[in-house]
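Colleague: I've got this chain open on my screen and would like a close look at one part of it. Could you pick a single loop and walk me through it?

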Amino acid sequence: MNITINEELRSFIDPLTPVEYAALERSLLADGCRDALVLWRDVLIDGHNRYDICTKHGIPFRTVNNDKFDSLEDVMLWVIDNNLARRSVSDFQRGMLALRKKEIVAARAAQRAAEAPPEQAEQEPVDDPADPPWSTREDVAKAARVSANTLSQIERIRKTAAPELVDAVRSGTISVSAAASVASLPPEAQVAAVAGGRKELQQAARQVREQKAGAKPKKETVPDSPEDQVKALRAQVGELKDRVATLLTENEVLRQKLAALGGA
């Protein structure tokens with residue numbers, strides 16, 4: 001039997017922890033594979049972990065075909081919806097899945113608009129009845145069962161986090177909010193923080209937050225005389241110089257840590 005693994009589909013599902021994988025492996029070895037794997041054409045769409053273990057140990061398994069899909073995007077939406085409904089899926093993963101679904105729905109809407117006749121294109125766009133509302137961050141957050149603020153943090157991680165930092169969030173080594181802060185650092189600094197473990201990640205997140213808090217402009221009264229204005233400007237220049245010196249020092253510390261990791 002020719003079974004194809006689509007890595008993008010597989011990435012929609014968080015990998016099992018070693019304990020969970022071992023428990024599933026024991027169950028399959030003892031009782032066999034009782035639930036059928038689900039295929040679309042020759043693509044595996046449900047049962048990746050069972051397929052891996054059954055293939056590894058030569059355990060027989062059954063397959064069923066789900067032919068109701070017209071495209072791989074239909075399959076992706078089905079997989080995403082299945083996982084969004086599961087209680088065992090983390091907030092981070094649900095947010096990631098909801099954001100991916102938003103992209104697919106938006107791309108489909110754009111394609112429908114591009115293919116519509118000119119007279120129809122001038123009318124107000126009509127949503128596909130099969131698609132839930134996905135026009136705002138609140139809509140997507142509701143589907144993911146997280147707050148809009150948490151979804152914004154997940155979106156930041158998705159866009160700027162190094163793969164190592166994403167893995168740390170998935171494993172629970174760092175919280176979503178802390179990871180969103182660390183994701184604003186350069187990739188090499190993120191990798192160094194992940195290599196340092198939980199405490200290093202928490203420290204990096206705290207430093208980023210303190211820097212952002214310090215960078216917020218202070219409300220000051222405008223000096224009346226030109227002399228007072230010059231003094232105020234000189235004071236601001238001094239503060240900026242001190243800030244630059246602090247950032248250079250922190251950057252050098254990160255470089256040394258990175259160099260130490262590279263030589264280890």
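Modeller: Let's go to R145, which sits in the loop that links α7 (137–144) to α8 (148–160). Keep in mind that we're looking at a predicted model. What catches the eye here is the backbone: the phi of R145 is near 60°, a positive value in a residue that isn't glycine. As a rule, most residues other than glycine have a negative phi. As for its surroundings, R145 is partly exposed, with a relative accessible area of 43%. The cut-off for calling a residue exposed is over 50%, and buried means under 20%, so a value of 43% lands in between.

There's another arginine to set beside it. R41 also has a phi near 60°, again positive and again not in a glycine. R41 is in the loop between the strands β1 (37–40) and β2 (43–46). With a relative accessible area of 54%, R41 counts as exposed.

A glycine gives you a further positive phi to look at: G197, just after α11, has one of about 95°. In α11 itself (residues 187–195), A189, Q190, A192 and A193 are buried. Looking down the axis of α11, the buried residues fall within an arc of 165°, so they line one face of that helix.

To place the loop in the whole chain, the secondary structure comes to 13 helices and 3 strands. Buried residues account for 31% of the 264 residues.

Definitions and conventions: Residues are numbered from 1 along each chain as its sequence is written. This is a predicted model: local features need pLDDT of at least 70, side-chain atom pairs count only at pLDDT 80 or more; totals for chains, interfaces and linings use all residues. Side-chain values use heavy atoms; hydrogens and water are left out. Buried means under 20% relative accessible area, exposed over 50%, partly exposed in between (1.4 Å probe, protein chains only). Helices (H or I, at least four residues) and strands (E, at least two) are DSSP runs, numbered from the N terminus. The arc is that of the directions from the helix axis to the C-beta atoms.
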